[in-house]
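I'm opening a fresh page for this one. My plan is to look at a helix, then a strand and its partners, then the cysteines.

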Amino acid sequence: MAKTPQQIEIFVPGRICLFGEHSDWAAGYRKENPRIQKGYTIISQTNQGLYARAKPHPSQLILHCSLDGGKRLAPISIPMAPAALEQVAAEGGFFSYAAGVALHICKEQPVQGLEIDNYQTNLPIKKGLSSSAACCVLVARAFNQLYKLGLTVEEEMDYAYRGERSTGSQCG
C-alpha cells in the first residue's frame, strides 16, 4: 500500500456558468424519467478560488475556513462516522457541504479522517461563482490525493455533486 503524504496543497477555482446554469439541479429529473434529454451547460473556470492545505487525520473531519474578506471561521471537528456526517450535512450550515462529501466518501472508500485548512479564499461566497461546488470538489480532491484513491476528475465531481445534494441544496 502506498504511503499517505503528510500534507498537500490544493487550489480549486470557482466557475462562471455562461449558459445552462440550471442543468445541474435539473439533471435530477432524468433519474425519475430517463426519456428527458440530457442538459448541457457552458462554463468557464475563474482565477478566483479556494486555497487549502490538507492532511490525514485518524478519526475526524476537521475544517478551518477563511472567507473572501480574510475572516477566519472557528474550526469544526466532525467524527468520520456516517451518522455524524449526515447530521451536519442535513443541518445546511456553512460546513454542511464538506460533511456531505465526506459522508459519501467514507461510505464507499477506505479512508480515515481529514484536516483541511482553507487558508485563503478569493472567491466571493454566495455570488453565483459556485463557491459551494468548489468547496465540495476541494474535499473530494483532498481525500482522493491524500488516500491515493485513484479517482478520475469525473469521479471527484460525482462525489462533490452527491455531497452537495446531501445538504438539501438543489445545486451541484
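Started with helix H5, and it is mostly covered: 15 of its 16 residues are buried. A reminder to self that this is a predicted model.

Next I checked the length of H5, which covers residues 131–146. At 1.5 Å a residue the helix should span 22 Å, and its end C-alpha atoms are indeed 22 Å apart, so the two agree. Following H5 I found Lys 148, whose phi is positive, near 50°.

Moved on to strand S3, residues 60–65. Five of its six residues are buried, so the rest of the structure largely encloses this strand.

Who pairs with S3? I found strand S4 (residues 76–79), antiparallel to S3 over four bridges. I also found strand S5 (residues 113–121), which runs parallel to S3 and is joined to it by five bridges. Leu 61 makes a handy landmark: its bridge partner in S4 is Ile 78, and in S5 it stands opposite Leu 114.

Last job, the cysteines. How many disulfides does the count come to? Zero, with the cut-off for a sulfur pair set at within 2.5 Å.

I wanted to see why, so I looked at Cys 65: its closest cysteine sulfur is in Cys 135, 6.3 Å away, which is too far for a bond. Cys 65 counts as buried because its relative accessibility is 11%.

Then Cys 136. Its closest cysteine sulfur is also in Cys 135, at 5.5 Å, so again too far for a bond. Cys 136 is buried too, with a relative accessible area of 0%.

Notes:
Residues numbered from 1 in each chain as written. Predicted model: local features only at pLDDT ≥ 70, side-chain atom pairs only at ≥ 80, totals over all residues. Heavy atoms only, no water. Helix = DSSP H or I, 4+ residues; strand = E, 2+ residues; numbered from the N terminus. Expected span 1.5 Å × (residues − 1). Buried < 20%, exposed > 50% of the residue type's maximum accessible area, 1.4 Å probe, protein only. Pairing = 2+ DSSP bridges.
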